[in-house]
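Student: Could we go through this model together, one piece at a time? I'd like to start with a helix and then move on to the empty spaces and the strands.

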Amino acid sequence: MALRSARDSQIIIIGCGISGIGAAQKLLKHGFHNVHIIEATARSGGRIRTGRLGDNIVEIGANWIHGPSKENPVFRLACDYQLLDKESMTEENQAIDVGGHPLFVPNWFTSSGRKLGLETMGPVVEFFMKLLERSQQFHDSGGEPLPSVGEFVKAEVERLAPEEWKEDQANIAIKMAMINTLLKLECSVSGTHTMDDVGLGAFGMYKTLPGLDCTFPGGYEGLIDHMMKELPKDIVLYNKPVKCIHWNYTKNGPSGTSFPAIIECVNGETFAADHVIVTVPLGYLKKHQSTFLSPPLPLHKLHSIQRMGFGTNNKIFLEFEQPFWDEDCELIYLVWEDETHLADVVSDHEVLHSVTQLLRIFTGNPTITPRKLLRSQWFHEPYSCGSYTYVAKGCSGYDLDNLAEPLPLKGSNSKSLQVLFAGEATHRSFFSTVHGALLSGWREAERLISHYTLASGSFSSKL
């Protein structure tokens with residue numbers, strides 16, 4: 001009986017990002033037949049989205065394989081599907097450990113139209129990276145002196161800079177402005193509006209993998225396309241936003257079978273399930289935490305969702321007639337010497353105008369004119385509500401563990417594993433990454449596989 005229920009259990013996955021796709025693949029490979037994915041939009045991939053600007057492939061969403069080495073499942077899949085260039089797959093590339101900060105060749109421009117040389121920027125970058133490294137150590141040692149990474153770095157700069165830069169008093173102002181620029185870059189790495197929101201004690205929870213970060217020459221969506229080809233064609237139900245997951249619920253199906261979970265879609269359709277794997281982004285959970293599940297989430301899970309950070313990291317792609325940067329340049333820093341006149345912009349037209357003006361000011365070239373613009377707006381995506389997770393002030397590893405905890409909670413008399421949770425926000429070490437999302441989907445699939453293996457004694461070997 002346990003064997004039949006394992007094969008025939010109705011499993012519904014909410015969200016067709018890489019986490020949901022990975023969970024579906026693993027369940028199907030282990031003999032589960034009744035697996036479906038419900039997706040709110042018309043496409044697969046979630047926050048992996050590849051676009052085009054003219055003749056160029058651009059990544060609207062996920063950009064990198066962070067730590068492309070054998071420990072990274074996304075890298076292994078990309079190699080299996082032959083989606084990477086030869087250099088990215090070499091043993092040498094996999095052995096490089098940059099601690100999550102690849103050393104790109106930069107150009108530095110200031111808001112007074114100057115281009116800074118290596119003699120100015122080199123020592124500042126080295127100084128900043130040492131402070132960032134120190135800010136990651138409090139997770140293991142404890143005793144963090146300040147609540148946030150931003151406050152810690154700024155306090156340490158103020159304390160150490162006079163001694164660090166005493167030989168170069170004339171350039172202290174520009175060096176301080178460079179530190180501010182590096183902090184802004186770190187905001188885009190962490191996916192936060194300000195590093196003052198990132199918890200100092202939890203900052204070191206994120207683990208990096210070896211390997212020099214690489215990209216997909218044909219676009220990240222190629223990975224999703226290959227994964228989807230391995231799934232049955234009718235497995236995904238698109239354009240079906242979920243309104244509510246009713247759990248601890250008993251509904252008898254046509255054959256008299258009892259189901260503990262009912263998925264109610266916005267359009268009124270309902271789907272019965274034995275198990276639901278929720279892979280929606282943390283941003284969506286934050287916005288809909290009080291209505292997305294019924295009964296509501298337990299308080300400790302709600303509080304963890306509220307404590308955790310979910311920021312927006314948007315991209316603006318520009319195409320130019322000709323480059324204004326050095327031939328070997330891989331990264332451009334814009335150093336604000338005076339930030340008093342900064343203002344927010346909204347429309348594409350305003351963004352294009354503002355970016356054009358900025359580039360003219362920083363490069364000192366009044367003729368620079370982008371001819372095309374494309375930008376992401378992840379905060380306004382209704383089923384993402386932002387980009388990815390960061391560990392906010394007051395947040396700890398327990399919050400990520402709480403979010404990953406299935407419902408009903410242990411000790412309940414109800415049928416177990418009714419609602420499971422996956423997605424990058426549920427991975428303790430690899431939150432904010434594609435590989436974290438994939439691993440979490442596999443984790444929840446394995447949880448169900450183990451559940452039925454224990455129930456039957458030899459589930460996997462009989463299938």
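Tutor: What follows takes up a helix, then a pocket and a cavity, and then some strand pairs, and please keep in mind throughout that this is a predicted model.

Student: OK, how many residues does α9 have, and how far does it reach?

Tutor: Helix α9 covers residues 172-190, which is 19 residues, and from its first C-alpha to its last it reaches 27 Å, close to the 27 Å expected at 1.5 Å a residue.

Student: Which of its residues are buried?

Tutor: The buried residues of α9 are Ile 174, Lys 175, Ala 177, Met 178, Ile 179, Thr 181, Leu 182, Leu 183, Glu 186, Cys 187 and Ser 190. As a general point, an α-helix has 3.6 residues a turn, so residues three or four places apart point the same way.

Student: And what do those buried residues pack against?

Tutor: They pack against two helices and several strands, namely α6 (118-135) and α8 (149-164), together with β5 (106-110), β6 (115-116), β17 (331-335) and β19 (388-390).

Student: What comes just after α9?

Tutor: Gly 191 follows there, and it takes a positive phi of about 75°.

Student: Switching to pockets: what volume does the second largest one have, and what lines it?

Tutor: The second largest pocket has a volume of about 240 Å³, and its lining includes Glu 405, Pro 406, Lys 410, Ser 412, Leu 417 and Arg 447. By class, that lining has four nonpolar, four polar and three charged residues.

Student: How many cavities of 30 Å³ or more are there?

Tutor: The count comes to one cavity of 30 Å³ or more. Of the 13 residues that line the largest cavity, the closest to its centre are Val 280, Leu 285, Ala 422, Ala 425 and Thr 426. The space in the largest cavity is about 60 Å³, and its lining has nine nonpolar, two polar and two charged residues.

Student: Now strands. What is the order in the open sheet of four?

Tutor: The order is β12-β11-β8-β14, with mixed pairing, and the edge strands, each pairing on one side only, are β12 (270-273) and β14 (293-294). Strand β11 (residues 261-265) pairs with β12 in the antiparallel sense over four bridges, and Glu 264 stands opposite Thr 270 in β12.

Student: Which side chains of β16 are buried?

Tutor: Along β16 (residues 316-319) the side chains alternate, with Phe 317 and Glu 319 buried on one face, whereas Ile 316 and Leu 318 point to the other and are not buried. β16 also pairs with strand β18 (residues 372-375) in the antiparallel sense over four bridges, where Arg 375 is the bridge partner of Ile 316.

Notes
Residues are numbered from 1 along each chain as its sequence is written. This is a predicted model: local features need pLDDT of at least 70, side-chain atom pairs count only at pLDDT 80 or more; totals for chains, interfaces and linings use all residues. Side-chain values use heavy atoms; hydrogens and water are left out. The expected span of a helix is 1.5 Å times one less than its number of residues. Buried means under 20% relative accessible area, exposed over 50%, partly exposed in between (1.4 Å probe, protein chains only). Contact means heavy atoms within 4.5 Å. On a 1 Å grid over the protein atoms alone, a cavity is a set of points where a 1.4 Å probe fits but cannot get out, and a pocket is an open set with protein on both sides within 12 Å along at least five of seven lines; lining residues have an atom within 4 Å of a point. Grid points are joined across faces, edges and corners, and a volume is the space filled by probe spheres set on the points. Ala, Val, Leu, Ile, Met, Phe, Trp, Tyr, Cys and Pro count as nonpolar, Asp, Glu, Lys and Arg as charged, and the others, Gly among them, as polar. Two strands pair if DSSP finds at least two bridges between them.
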